[in-house]
Amino acid sequence: MRSRLLINFLLILVLTSLGAYLLWDEEPSSASPDRLVMLDRDQIARVSIIKNNSFEIDMTRNSQTWLITKPFRARANPEVVKLVLDLTDAFVINEIKTSSANLGFNPPQYTLSFGQKTIKFGSINEVTNEQYIQVGNRTFLTKTHHGYNLPDDPIKVVDRRILGGEEIPILFKTNSWRAERQGDQSWNVMAADDNLTSIASSKIKIWVAGWRSTAATKIEVPNDAPGLIYESVSITFENGSQILVSIEKDNDGYLLYRSDESVAYRVGRDAGLRLIDPYEVARTL
């Protein structure tokens, strides 16, 4: 009986000691690593990207829409802008205290500016597969995907959608018809003459959705003014702004020119015809 009590006592002592060891041996949590750029992405209103000996892009934010202002005028693809702004979440892997003379900053591959904050991208450390970055007069190593996220062609930054996500149409108007949203959210088409029949509101809504969802197959930067204009569509948005879309027809389909941008949106024949003619949509539904 006494030996059993002694065994139980020793067992409790061993378990208590083991628990205390595990508790004391637990390492304290490490501090969070420093961020490369101490900026709030939601407060950034201007971004500049310079690729060495290649191009320069300037973008400004208007409400939730990013606009390219250089080298041409167009809306920026929000997903591309998000990848660029992800640099504000990047952490420092290591700070380089030695000379940065041979780290790829003369000249840098990219120079990125968030307002007054400038970040330069140098070469990639082939041993660690990390990239050298300069922020001010300090040099760091960070993950390479932030450099890979930067665009290698300004055209790839353009939003290919004909209308932006914030642009909600309430009125389309041409010389031959007008489609207008009513107070009860229904749509009505009114023809300039009596030769065109009316279209059900449900079908016009599908046609309007087509304007908001259609994306160009190609973005072109014209050197000259548009050629012979096939059709012009005036679009008024819910926020009161208005644009004129001039449409040029050629053998490959249609080129759409927004009056507030300097690029052209290429769409195919079927997609273009459906956009410029609500009656075409009504006939095929």
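**Helices and salt bridges in a predicted model**

Good morning. Let me open with a single residue: Asp86 is buried, because its relative accessibility is 17% and the cut-off for buried is under 20%. Please keep in mind throughout that this is a predicted model.

Asp86 has a charged partner. Its side chain meets that of Lys82 in a salt bridge, with 3.7 Å from N to O. Lys82 itself is partly exposed, at a relative accessible area of 41%.

Let me now step back to the whole chain. The protein chain has 285 residues, and 38% of them are buried. It contains 6 helices and 17 strands. Of the contacts with a separation of 6 or more, 53% are between residues 24 or more positions apart. The accessible surface comes to about 17000 Å², and carbon and sulfur atoms account for 51% of that.

I turn next to helix 2, which spans residues 78-85. Which of its residues are buried? They are Val80, Val81, Val84 and Leu85. Viewed down the helix axis, these residues fall within an arc of 135 degrees, so they line one face of helix 2. Their packing partners are strand 1 (46-51), strand 2 (55-62), strand 3 (65-70) and strand 6 (110-114). At the N-terminal end of helix 2, Asn77 acts as a cap: one of its side-chain oxygens lies 2.8 Å from the backbone nitrogen of Glu79.

Helix 5, residues 269-276, can be read in a similar manner. Its buried residues are Gly272, Leu275 and Ile276. They cover an arc of only 85 degrees around the axis, which means that they sit on the same side of helix 5.

Finally, I return to the salt bridges. How many does a search of the whole structure find? The total is 18. One of them joins the side chains of Arg41 and Asp89, at 2.8 Å from N to O. This pair connects distant parts of the chain, 48 residues apart: Arg41 belongs to the loop between helix 1 (2-25) and strand 1, and Asp89 to the loop between helix 2 and strand 5 (94-96). Asp89 counts as partly exposed, at 43% relative accessibility.

Another salt bridge is formed by Asp152 and Lys156, at 3.3 Å from N to O. Here Asp152 is partly exposed, with 43% relative accessibility, whereas Lys156 is exposed, with 53%.

There is also a network of salt bridges, which links Arg75, Asp159, Arg161, Glu167, Arg258, Asp260 and Glu261. Thank you for your attention.

Definitions and conventions
Residues are numbered from 1 along each chain as its sequence is written. This is a predicted model: local features need pLDDT of at least 70, side-chain atom pairs count only at pLDDT 80 or more; totals for chains, interfaces and linings use all residues. Side-chain values use heavy atoms; hydrogens and water are left out. Buried means under 20% relative accessible area, exposed over 50%, partly exposed in between (1.4 Å probe, protein chains only). Helices (H or I, at least four residues) and strands (E, at least two) are DSSP runs, numbered from the N terminus. The arc is that of the directions from the helix axis to the C-beta atoms. Contact means heavy atoms within 4.5 Å. A polar contact is a pair of N or O atoms within 3.5 Å; within protein, one must be able to donate a hydrogen and the other to accept it, and residues adjacent in sequence count only if both atoms are side-chain atoms. Accessible areas come from the Shrake-Rupley method with a 1.4 Å probe; for residues, only the protein chains shown count as cover. A salt bridge is a side-chain nitrogen of Lys or Arg within 4 Å of a carboxyl oxygen of Asp or Glu.
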